Amino acid sequence: VRTDPKTLHGGSCDFLVVGGGIQGAAVARELVLRGASVCLVDRADFASGTSMRSSRLVHGGLRYLKNGHLALVREALAERERLLRQMPHLVRPQAMVLPFFPDSGGSAPWLMKLGVRLYAMLARGSTLPKPQSLSAADAIAAFPGLRARELRGALQFWDAATEDLPLTLAILDDAAAHGARLCNYVEVVGVADGAVQLVDRMDGAAMEMRAGAVVNGAGPHADELRRAFGIEGEELVRTSRGSHLVLPARAGATALAAFLPDDRIQFVIPHEDGTVCGTTEVEEPATGEPSVPEDDVRYLLDALAYLMEPAPRREDVLFAYAGWRALPRARGPAGALNREAHLITEAASGMPVHTIVGGKLTTHRALAERVANELLGRGPSPTRTRAPRAGQGPHEPADPLWRRHGAAAALVRSYARDPGQDRAIGPERPFLHGEAVHALRDRGAVTFADLALRRLFHTAGPCLDDAWLRPLYSTYLEHRRWGGAEDYAAAVADLRAEVAAMTGAGVPRTSSPT
Ligand SMILES: Cc1cc2nc3c(=O)[nH]c(=O)nc-3n(C[C@H](O)[C@H](O)[C@H](O)COP(=O)(O)OP(=O)(O)OC[C@H]3O[C@@H](n4cnc5c(N)ncnc54)[C@H](O)[C@@H]3O)c2cc1C
């Protein structure tokens with residue numbers, strides 16, 4: 001998936017997309033499928049920003065319904081259905097229980113029942129089951145551990161859950177398969193004489209290239225990039241931090257979507273390899289790396305104590321992460337793609353710079369279609385009907401390799417046929433050496449942390465035991481295609497530092513990654 005950054009120097013393309021999160025990935029894919037020449041760069045690893053730090057829901061958003069944004073909800077629900085069809089290995093139906101306690105926020109139960117019915121109606125043609133009311137006993141049976149005390153009943157409705165980082169990598173993979181050139185660890189630092197200035201973050205080399213236009217998909221850092229281009233004017237983005245805690249995997253498959261007394265909604269979402277609980281919403285400027293502060297840990301543990309019995313304890317927390325939402329600072333018609341996302345066009349050194357503001361994981365394809373309509377003119381969007389290549393081919397839900405790689409499972413199996421590659425790296429995580437080889441050869445992993453944290457993606461975070469990391473490092477040394485730490489101790493120190501920065505106060509002292 002990765003192009004050698006050195007080949008960008010002195011070159012040109014129609015569109016340079018800055019940012020390899022879900023929005024940049026989707027725009028690159030849409031533009032290249034409509035015939036444009038596209039380069040995409042990210043100053044860090046692909047999908048290492050907000051796009052690996054979400055609640056991992058593919059949903060219409062009940063809260064938009066509350067605000068009367070029916071068109072927005074309808075579009076997100078249509079995208080949900082498309083993703084369920086096009087990416088069945090990564091997007092799965094998710095039953096949700098919404099409990100009623102006398103002091104929980106949200107609206108009155110009768111209004112919520114009405115809202116959830118409207119939500120289901122807006123999902124025209126949905127293949128998901130219809131919502132239903134549950135007694136308190138049925139709610140506890142659906143979500144064991146739900147607080148029985150004062151529980152007045154519940155609603156069950158359906159949405160979808162995903163794995164945000166693998167989804168982003170799958171979109172990038174499809175963009176690359178159709179000719180987009182993608183480089184992680186390449187930063188855009190400015191523009192001079194009409195050429196975009198780039199720095200290779202692996203060796204510090206300065207490069208430049210020409211682009212017909214730039215698409216600013218830097219998410220929470222969109223204003224920073226505008227400044228680097230010398231664009232003045234008011235800030236377009238405001239950022240807020242959302243933290244999640246990861247608990248051990250649960251037995252049941254149903255999630256919780258519950259209103260707290262402070263009116264915020266909390267999710268407890270089961271994944272095969274951990275339970276994602278969140279989130280918080282705290283205004284915070286996007287400087288440095290987002291991390292989980294002590295206040296967020298306490299807030300989330302209190303929320304879980306309100307919803308569950310016995311209440312999860314701090315020692316139960318396996319992993320934690322925080323991300324920045326990038327929200328439009330000003331609302332209004334200027335550059336509006338819909339109520340949630342905007343495309344603002346400015347110029348830097350005579351070159352158009354199109355900045356994406358806002359957007360959801362769920363609606364990445366629809367946003368990309370609108371961006372391409374603005375940039376190339378209205379045209380049929382191939383992505384409406386064409387699945388990314390990882391989503392093509394037979395469904396093999398019983399096969400863990402298919403669940404992790406979709407159609408690329410066949411390629412992984414071919415690597416796993418080599419001697420030694422069919423073995424699990426260790427008992428702590430489910431991955432085979434062959435999957436590490438695939439990550440290094442085909443999925444753009446550059447550093448050891450890319451491999452351990454973002455390609456062998458695990459909800460409970462990477463295993464930090466030497467017994468697991470040593471054999472993985474041997475595979476890394478043998479199969480890596482790019483530079484990276486030459487020495488095991490340095491590679492592991494970098495990985496631990498990344499994990500510690502990500503989890504902040506969210507990991508119990510006993511299993512501290514430092
Ligand atoms: C807590 C939380 C929960 C969420 N939950 C959901 C959910 O359940 N469902 C849903 O649909 N949506 C959800 N979202 C929203 C969704 O996650 C985001 O809309 C999406 O991930 C944003 O993607 P992005 O590509 O805009 O930004 P990012 O993923 O942050 O990507 C931006 C990229 O730009 C790169 N970059 C920045 N500056 C430069 C530069 N100068 N040069 C090169 N590269 C640069 C960064 O390294 C980064 O990788 C959630 C968001 C948050 C914060």
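Colleague: How far from a nitrogen atom of the ligand does a backbone N or O atom of Leu57 lie?
Modeller: This is a predicted model. A polar contact needs a pair of N or O atoms within 3.5 Å. For Leu57, the backbone supplies one atom and a ligand nitrogen the other. The distance between them is 2.7 Å.

Colleague: How much of the ligand's accessible area does the protein cover?
Modeller: Start with the ligand on its own, which has 1000 Å² of accessible area. Then add the protein as cover. The covered share is 94%.

Colleague: Which elements give two or more residues to the shell around the ligand?
Modeller: One helix is listed, H1 (22–33). The strands are E2 (38–42), E8 (186–192), E11 (237–247) and E16 (319–328). So the shell draws on H1, E2, E8, E11 and E16, with helices and strands taken as DSSP runs.

Colleague: What polar backbone atom lies 3.3 Å from an oxygen atom of the ligand, and in which residue?
Modeller: Here the ligand supplies an oxygen atom. Its partner sits in the protein backbone, not named beyond being polar. The residue is Ile22.

Colleague: How many residues of the shell around the ligand are charged?
Modeller: Sort the shell by class. There are 11 nonpolar and 18 polar residues. The charged ones number 7.

Colleague: Is Leu118 buried, partly exposed or exposed?
Modeller: Leu118 sits in helix H4 (residues 109–122). With Leu70 and Met121, Leu118 makes a nonpolar surface patch of about 270 Å². Its relative accessibility is 31%, so Leu118 counts as partly exposed.

Notes:
Residues are numbered from 1 along each chain as its sequence is written. This is a predicted model: local features need pLDDT of at least 70, side-chain atom pairs count only at pLDDT 80 or more; totals for chains, interfaces and linings use all residues. Side-chain values use heavy atoms; hydrogens and water are left out. A polar contact is a pair of N or O atoms within 3.5 Å; within protein, one must be able to donate a hydrogen and the other to accept it, and residues adjacent in sequence count only if both atoms are side-chain atoms. Accessible areas come from the Shrake-Rupley method with a 1.4 Å probe; for residues, only the protein chains shown count as cover. Helices (H or I, at least four residues) and strands (E, at least two) are DSSP runs, numbered from the N terminus. Ala, Val, Leu, Ile, Met, Phe, Trp, Tyr, Cys and Pro count as nonpolar, Asp, Glu, Lys and Arg as charged, and the others, Gly among them, as polar. Patches are made of residues with over 30% relative accessible area and no salt bridge: like charges are joined within 9 Å, nonpolar side chains (Val, Leu, Ile, Met, Phe, Trp, Tyr) within 5 Å. A salt bridge is a side-chain nitrogen of Lys or Arg within 4 Å of a carboxyl oxygen of Asp or Glu. Buried means under 20% relative accessible area, exposed over 50%, partly exposed in between (1.4 Å probe, protein chains only).
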